[in-house]
There are 2 protein chains.
Amino acid sequence: MDTKTQNRLDAKARIIKAMAHPTRLFIVETLAKHEHCVCELTALIGADVSTVSKHLSILREVGIIDDEKRGSSVYYQLKMPCVMGFFSCVDTVIKANAQGQLKCIR
Amino acid sequence: MDTKTQNRLDAKARIIKAMAHPTRLFIVETLAKHEHCVCELTALIGADVSTVSKHLSILREVGIIDDEKRGSSVYYQLKMPCVMGFFSCVDTVIKANAQGQLKCIR
DNA sequence: TGGCGATTTGGCGATATTGCCAAATAGGAG
DNA sequence: CTCCTATTTGGCAATATCGCCAAATCGCCA
């Protein structure tokens, strides 16, 4: 694997890794509906605020979401809605696995 | 976040996590062209055979690739080609980030 | 200006991932 | 049967991730 390919795949993996966590998937799905501030997301997720804040910064770092400070709150929004289409393939994989399981039982 | 959502997102994250590694991205992209045996992939990647074998088992475990033993070799193939479309969004994110950088310099 | 609510950052222990080596396993060729 | 090649598995050290607490920031508002 040459260096150029390595760098390209490193960049790609960094972005995918940012989504490879249940809480961060929840954040992306939730922001797909509409923007939310950190406190709202924290309430929905049910984890420590600092934990949620770190998840948000991971997603922002790779450019998937955007933040905007308004008043005393920080509002996050989905910057790259295409990731939602991205997920439909994952659901396809899950469905295919389930059908494979069924076939074994039958 | 209720238990049902938690389980759904765990399953989704598991699959995405399987792709969140440069070497495994390389494997998926390579298999998208056509099937390869472990030895061929190992040569292309340039890592230890055992390392490549483990990466392959991670991808197989979540149902993204399939294996078939023929002769003394094991051939792997892409089972879920939709992941390639999945990647185009990631490229979009990378491009958007680059353009954002440019805007800052200008 | 002092204090309050919202958010981020530092740090720590627990856990997970990664990549190599060595050893086990599985088939095929001689 | 025995050697050889291809692959997988076990184990280990290095590194990264995760989630909480505590502390630092940052705006507002009285």
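A polar contact, as I use the term here, is a pair of N or O atoms within 3.5 Å. Keep that cut-off in mind for the DNA part of this talk. The model on the screen is a predicted one.

I will begin with DNA strand C. A phosphate oxygen of this strand sits 2.7 Å from a polar backbone atom of A:Cys39. Two side chains also reach phosphate oxygens of DNA strand C. For A:Tyr76, the distance from a polar side-chain atom is 2.8 Å. For B:His21, the corresponding distance is 3.3 Å. The elements giving two or more residues to the surface near DNA strand C are α3 (38–45), α4 (49–61) and β3 (73–78) in chain A, and α4 (49–61) in chain B.

Which residues come nearest to DNA strand C? There are 20 residues around the strand, and the nearest are A:Cys39, A:Ser53, A:Lys54, A:Tyr76 and B:His55. On the DNA side, sugar and phosphate make up 62% of the atoms of strand C that come within 4 Å of the protein. Sorted by class, the protein surface near DNA strand C has eight polar, seven nonpolar and five charged residues.

One more word on A:Cys39, the residue with the backbone contact to a phosphate oxygen. Its relative accessible area is 49%, and it counts as partly exposed because exposed would need over 50%. That value is for the protein chains only.

Now the cysteines that are paired. How many disulfides does the structure hold? Over all chains, there are two.

The first one I will show is formed by A:Cys82 and B:Cys89, with sulfur atoms 2.3 Å apart. This pair crosses between chains, running from helix α5 (residues 82–105) of chain A to helix α5 (residues 82–105) of chain B. The torsion about its S-S bond is about 70 degrees, so the disulfide is right-handed. A:Cys82 is partly exposed, at 29% relative accessible area, while B:Cys89 is buried, at 5%.

The other disulfide is between A:Cys89 and B:Cys82, and its sulfur atoms are 2.3 Å apart. A:Cys89 lies in helix α5 of chain A and B:Cys82 in helix α5 of chain B, so this pair also joins two chains. Here the S-S torsion is about 70 degrees, and the disulfide is therefore right-handed. A:Cys89 is buried, with a relative accessible area of 6%. B:Cys82 is partly exposed, with 29%.

For completeness, there is B:Cys37. Is this cysteine buried or exposed? B:Cys37 counts as buried, because its relative accessibility of 3% is under the 20% cut-off.

Last, the pockets. The largest pocket has a volume of about 210 Å³. It is lined by 13 residues, and those closest to its centre are A:Glu61, A:Val62, A:Gly63, B:Asn97 and B:Gln101. The elements that give two or more residues to this lining are α1 (3–19) and α4 of chain A, plus α5 of chain B. Which element supplies the largest share of the lining? That is α5(B), with five residues. By class, the lining of the largest pocket has five nonpolar, four polar and four charged residues.

To go back over the main points: A:Cys39 and A:Tyr76 are among the residues that come nearest to DNA strand C, the structure holds two disulfides, and the largest pocket has α5(B) as the largest contributor to its lining. That is what I have for today.

Conventions
Residues are numbered from 1 along each chain as its sequence is written. Chains are lettered from A and ligands numbered from 1 in the order in which they are written. This is a predicted model: local features need pLDDT of at least 70, side-chain atom pairs count only at pLDDT 80 or more; totals for chains, interfaces and linings use all residues. Side-chain values use heavy atoms; hydrogens and water are left out. A residue is near a molecule or strand if one of its heavy atoms lies within 4 Å of it. A polar contact is a pair of N or O atoms within 3.5 Å; within protein, one must be able to donate a hydrogen and the other to accept it, and residues adjacent in sequence count only if both atoms are side-chain atoms. Helices (H or I, at least four residues) and strands (E, at least two) are DSSP runs, numbered from the N terminus. Ala, Val, Leu, Ile, Met, Phe, Trp, Tyr, Cys and Pro count as nonpolar, Asp, Glu, Lys and Arg as charged, and the others, Gly among them, as polar. A disulfide is a pair of cysteine sulfur atoms within 2.5 Å. Buried means under 20% relative accessible area, exposed over 50%, partly exposed in between (1.4 Å probe, protein chains only). On a 1 Å grid over the protein atoms alone, a cavity is a set of points where a 1.4 Å probe fits but cannot get out, and a pocket is an open set with protein on both sides within 12 Å along at least five of seven lines; lining residues have an atom within 4 Å of a point. Grid points are joined across faces, edges and corners, and a volume is the space filled by probe spheres set on the points.
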